[in-house]
Amino acid sequence: MERYTGGVTRAITVRLDETDYASLEKQAHKVGVRPGTLARILVHAGLNGNAAEPDGRAALERLVRRSRRLSSADAVALVADARAAFEPDR
């Protein structure tokens, strides 16, 4: 899959009924991302021909497997550590 390398991005709106949105939220929660992020991942998978099924289940399953291998991180602590490393006198 090609990566975004800069430039202008374009936004679209996708309307989902309550049932589909609830399903999107549930799946996004399982993999630890926001619903909009998951929707973007699924769209990319479909556009790049990486979705084995029309609903993108293969891409979602890969994302779930990948997210389970990641350790949890404290974003505030990571930022504080980075600041301390770059600004030791602060």
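This passage walks through the helices of a predicted model and the parts of its surface that stand out.

The chain holds four helices and zero strands. Read from the N terminus on, the pattern is simply α-α-α-α. Not much of the chain is tucked away: of its 90 residues, buried ones make up 14%. The exposed surface comes to about 8100 Å², and 52% of that area is supplied by carbon and sulfur atoms.

Part of that surface is a nonpolar patch of about 410 Å², put together by I12, V14, L16 and Y21. One of these residues, I12, sits in the segment before α1 (18-31). I12 counts as exposed because its relative accessible area is 69%, and the cut-off for that label is over 50%.

Next comes α1 itself. This helix has 14 residues, and the distance from its first C-alpha to its last is 20 Å, close to the 20 Å expected at 1.5 Å a residue. At its start, the backbone nitrogen of T19 has a side-chain oxygen of D17 within 3.2 Å. Three residues of α1, namely L24, A28 and V31, are buried. Looking down the axis of α1, these buried residues fall within an arc of 65°, so they line one face of the helix. The spacing fits a general rule: an α-helix has 3.6 residues a turn, so residues three or four places apart point the same way. On the other side of α1, the exposed residues include E18, T19, K26 and H29. Right after the helix comes G32, with a positive phi near 80°.

The story for α2 (residues 35-47) starts with its length. With 13 residues at 1.5 Å each, this helix should span 18 Å, and its end C-alpha atoms are indeed 18 Å apart, so the two values agree. Here the buried residues are P35, T37, L38 and A45. They take up an arc of only 160° around the axis, which means that they lie on the same side of α2. Just past the end of α2, G49 has a positive phi, about 70°.

Helix α3 covers residues 57-69, and E61 is found in it. With a relative accessible area of 42%, E61 is partly exposed, because that label applies between the 20% limit for buried and the 50% limit for exposed. E61 also gives a link back to the buried face of α1: V31, one of the buried residues there, is 30 residues away from E61 in sequence, yet the C-alpha atoms of the two are 9.4 Å apart in space.

That leaves α4, residues 75-86. Its 12 residues should span 16 Å at 1.5 Å a residue; the end C-alpha atoms are 17 Å apart, so expectation and model agree. How many of the 12 residues of α4 are buried? The count is zero, so to speak a bare helix: α4 is hardly covered. By contrast, α1 has L24, A28 and V31 buried, and α2 has P35, T37, L38 and A45 buried.

Definitions and conventions. Residues numbered from 1 in each chain as written. Heavy atoms only, no water. Helix = DSSP H or I, 4+ residues; strand = E, 2+ residues; numbered from the N terminus. Buried < 20%, exposed > 50% of the residue type's maximum accessible area, 1.4 Å probe, protein only. Areas by Shrake-Rupley, 256 points an atom, 1.4 Å probe, with all protein chains shown as cover. Patch = residues over 30% accessible without salt bridge, like charges linked within 9 Å, V, L, I, M, F, W, Y side chains within 5 Å. Salt bridge = Lys/Arg side-chain N within 4 Å of Asp/Glu carboxyl O. Expected span 1.5 Å × (residues − 1). Arc of directions from axis to C-beta. Polar contact = N/O pair within 3.5 Å; in protein donor to acceptor, adjacent residues only side chain to side chain.
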